[in-house]
Amino acid sequence: MAAAAVVVGAIDTGQPPAHASTSDFAVQLVTVDTPTRADKERLQRLGLDLTEHAGHDYVEVVLHSVEDVDALSAAGFTWDVRVPDMALRTAQVNQINDEYAASTAESPLPSGRTTYRTLADYNADMADLADMRPDIVKPFELPHKSLEGKTVHGIEIGHDVHEAEDGRPVFAIMGLHHAREWPSGELTMEFAYDLVTNDGSDERITNLLDKARILVIPVTNPDGFEKSINDGLLLDLRELDDGGLVSILGTPGNAYKRKNCRMVDGQEPLAGECALASSNGGFGVGIDTNRNYGGLWGGPGASPEFFDPTYRGAGPFSEPETQNIRELVSSRQVTTLITNHTFSNLVLRPNGVKPDTIGPDGHPVGQPHDEEELKALGAEMAAQNGYRNIHGWELYDTTGTTEDWSYNTTGGFGYTFEIGESEFHPPYPEVIDEYLGAGEYEGKGNREAFLIALENAVNTENHSVIAGRAPAGATLRLTKSFATPTWESSIADTIETTMRVGEKGKFSWHVNPSTRPIVMDRQYDVLADEPLHSESFEGTTPAPTEHVDHEFTVTESDVDLLEVTLDWPTPDDMDLEVYYREADGSSRQVASSGQFIGEKERALVQHPEQGTYVFRVINYASVAPSYTVTGSLYATESKTVPRQLIENYTLSCEKDGEVLERIPVVVDRGEQVKAKLRRCFSNW
Ligand code: 0X9
Ligand code: ZN
């Protein structure tokens with residue numbers, strides 16, 4: 001089947017745009033038909049630039065070259081073009097942004113900004129916030145410079161922020177792992193402005209700055225972001241003299257770059273090298289920093305190929321950009337974390353791989369141990385921004401992502417926000433709406449979602465507290481070392497955090513549970529071996545391109561899966577479609593299967609409603625005299641992988657760097673335990 005061209009959201013001049021570049025391929029965004037999960041997995045293996053924008057029967061993909069188009073059609077996929085020329089679209093967005101900025105002195109954002117920030121703007125804004133309120137804003141540098149030698153900046157916000165840590169819980173929010181996802185940095189930065197400018201006047205925020213410390217890292221991948229924003233802002237629309245035909249100045253360059261600036265594994269890039277490597281829209285070189293974290297590193301949904309958009313890197317945490325976040329999160333008690341991305345209007349929670357996937361420990365990866373709480377908080381946040389609240393794996397598998405590592409390693413709740421409807425960097429007014437909320441979400445939006453996340457960070461029901469008495473001025477240190485499983489091996493991980501005991505000699509330390517979620521008991525569902533009910537229909541094959549329908553009724557109410565299989569004796573092609581018959585007699589397609597020639601068909605309907613289904617057997621090109629179509633209904637059984645370990649922290653009590661006492665502490669989520677220190681007092 002040929003690809004139909006459906007053009008949405010781009011200027012349609014009726015003529016192909018003129019390009020300044022010699023290359024005549026326009027980078028485009030297409031919607032690829034993937035009716036089954038198997039299709040999605042097959043698509044994923046092609047190494048194309050998949051976006052997170054996907055539904056049950058499609059995935060949006062960025063096509064950067066003729067080779068990409070060829071790969072897609074060679075694999076038999078069909079697609080619609082959504083944005084036929086992304087460079088043109090970016091140029092158009094730039095024009096909208098220029099007009100908005102020219103007509104608007106100050107936006108309703110906390111900072112009042114009217115345009116996207118450049119890298120220099122982010123760094124200047126963080127410095128400005130620290131100047132504005134030095135008492136509550138502490139600038140910090142992440143431990144590793146980027147590959148190009150840039151300092152990665154962050155700010156810590158909270159009352160008495162310059163004092164030694166006092167046991168308050170920590171909230172972390174970050175953006176721009178992916179270079180082209182500009183709003184992810186904007187919203188992160190705006191939240192910082194919101195907190196800082198409302199301290200003292202807004203009771204809720206003032207209270208939160210009393211109870212928590214907030215780590216803000218708007219640009220985790222400064223090398224990549226710099227390339228994307230610099231090239232992206234250069235794209236320019238010019239009116240031609242002969243009748244206003246739209247032309248475009250420049251090529252996309254790195255405007256759609258995703259990854260970091262690693263050019264060759266294990267080597268630092270040469271000066272200027274990364275900016276020049278704008279082949280294929282700049283997605284070619286680099287490591288996907290959101291596949292480079294250690295948790296299940298190298299598993300499904302992360303590519304071993306350097307030029308793949310989801311290249312995982314030479315090893316877990318091989319990149320300075322991910323080492324930075326690792327060391328930050330391992331040295332603080334981050335009870336809630338949000339990593340911002342664009343786009344697709346999603347609140348994603350762990351895990352990144354389908355629960356029935358057999359993990360490296362030989363058991364199904366399962367649901368996260370804290371699924372219920374993670375889901376509930378996700379739902380609360382999603383009610384503010386109108387996003388879908390789902391697991392990372394529900395679109396496609398990923399491993400080595402930020403929150404899959406941070407949650408499974410530290411137990412702190414972690415989420416990926418996929419901000420915005422349909423673009424990596426939409427017109428700036430959309431960024432404002434995403435932050436403040438618009439339409440039915442007016443006054444809520446991601447601002448409110450972030451505040452709820454921050455409130456969760458201080459909510460003792462969802463973390464742990466170690467309380468007790470210790471000599472005033474003592475340093476308390478919590479440490480824990482363990483092996484974090486990657487997909488094929490493991491890495492050594494250490495958590496080490498400190499706090500200083502105040503003058504009253506009492507402490508209350510807000511921490512993550514001592515046992516990691518990954519070794520706690522966890523649930524997974526398996527399909528029962530035997531179907532609840534199964535029915536087969538034999539039929540005479542219709543003429544090519546014709547079809548035959550069979551009706552199948554579901555009377556049971558608690559069915560987890562309807563499996564429909566189609567079999568025939570010859571190695572040629574039939575297709576299968578499954579419809580649900582609505583009360584008004586109309587039919588709605590609920591599943592389909594259109595495999596390659598020779599492969600038999602299998603379509604799945606999750607949680608089928610009661611009622612009548614139609615199995616449509618289509619003769620695509622088969623000479624078989626007859627076929628068999630079978631519907632089977634299955635229930636799932638919930639199983640448990642038992643808790644493998646109880647882990648403890650080691651709490652040490654120190655005076656001037658000398659350890660006076662060490663005790664083990666075990667604490668579960670939602671629990672408060674007393675730590676009884678003795679020798680620390682007697683030896684003080
Ligand atoms: O693929 C990604 O890294 C993220 N999507 S994006 O379009 N921004 O690139 C999603 C990662 C989060 N998903 C999971 N944890 N599964
Ligand atoms: Zn992203």
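This report walks through two ligand sites and a few unusual backbone spots in a predicted model.

## Around ligand 1

Let's start with ligand 1. There are 17 residues around it, and those that come nearest are Arg258, Arg291, Thr398, Glu403 and Glu418. By type, the shell holds nine polar residues, six charged ones and two nonpolar ones.

Three of the nearest residues also make polar contacts through their side chains. For Arg291, a polar side-chain atom lies 2.8 Å from an oxygen atom of ligand 1. Thr398 has a side-chain N or O atom 2.5 Å from a nitrogen atom of the ligand. In Glu418, an N or O atom of the side chain is 2.6 Å from a nitrogen atom of ligand 1.

## How ligand 1 is enclosed

How much of the accessible area of ligand 1 does the protein cover? On its own the ligand has 420 Å² of accessible area, and the protein covers 100% of it. The space that ligand 1 takes up is the largest cavity.

Which elements give two or more residues to the shell around ligand 1? They are strand S12, spanning 334-342, and strand S15, spanning 413-419.

## The zinc site

Ligand 2 is a zinc ion, and its protein donors are His178 (ND1), His341 (ND1) and two OE entries from Glu181. These donors lie 2.0 to 2.3 Å from the zinc ion. Along the sequence, the donor residues follow the spacing H-x2-E-x159-H.

The two histidines link distant parts of the chain, as they are 163 residues apart. His178 is in the loop between strand S8 (170-174) and helix H5 (182-198), while His341 belongs to strand S12. Strand S12 is thus a name you have met before, as one of the elements of the shell around ligand 1.

## Unusual backbone spots

It helps to know that most peptide bonds are trans, and that most residues other than glycine have a negative phi. Against that background, a few places are worth finding in the model.

Thr342 and Phe343 are joined by a cis peptide bond, with omega about -5°. Phe343 sits in the loop between S12 and strand S13 (346-349). Another cis bond runs from Pro350 to Asn351, where omega is near 5°. Asn351 is part of the loop between S13 and helix H10 (371-385).

Last comes Asp160, which is not a glycine but has a positive phi of about 55°. Look for Asp160 in the loop between strand S7 (153-157) and S8.

Conventions
Residues numbered from 1 in each chain as written. Chains lettered and ligands numbered in written order. Predicted model: local features only at pLDDT ≥ 70, side-chain atom pairs only at ≥ 80, totals over all residues. Heavy atoms only, no water. Near = heavy atom within 4 Å. Polar contact = N/O pair within 3.5 Å; in protein donor to acceptor, adjacent residues only side chain to side chain. Areas by Shrake-Rupley, 256 points an atom, 1.4 Å probe, with all protein chains shown as cover. 1 Å grid on protein atoms, 1.4 Å probe; cavity = no way out; pocket = protein on both sides within 12 Å on 5 of 7 lines; lining within 4 Å. Sits in = over half its atoms within 2 Å of the grid points. Helix = DSSP H or I, 4+ residues; strand = E, 2+ residues; numbered from the N terminus. Nonpolar A, V, L, I, M, F, W, Y, C, P; charged D, E, K, R; others polar. Donors = N, O, S within 2.8 Å, 3.2 Å for Na, K, Ca; no water.
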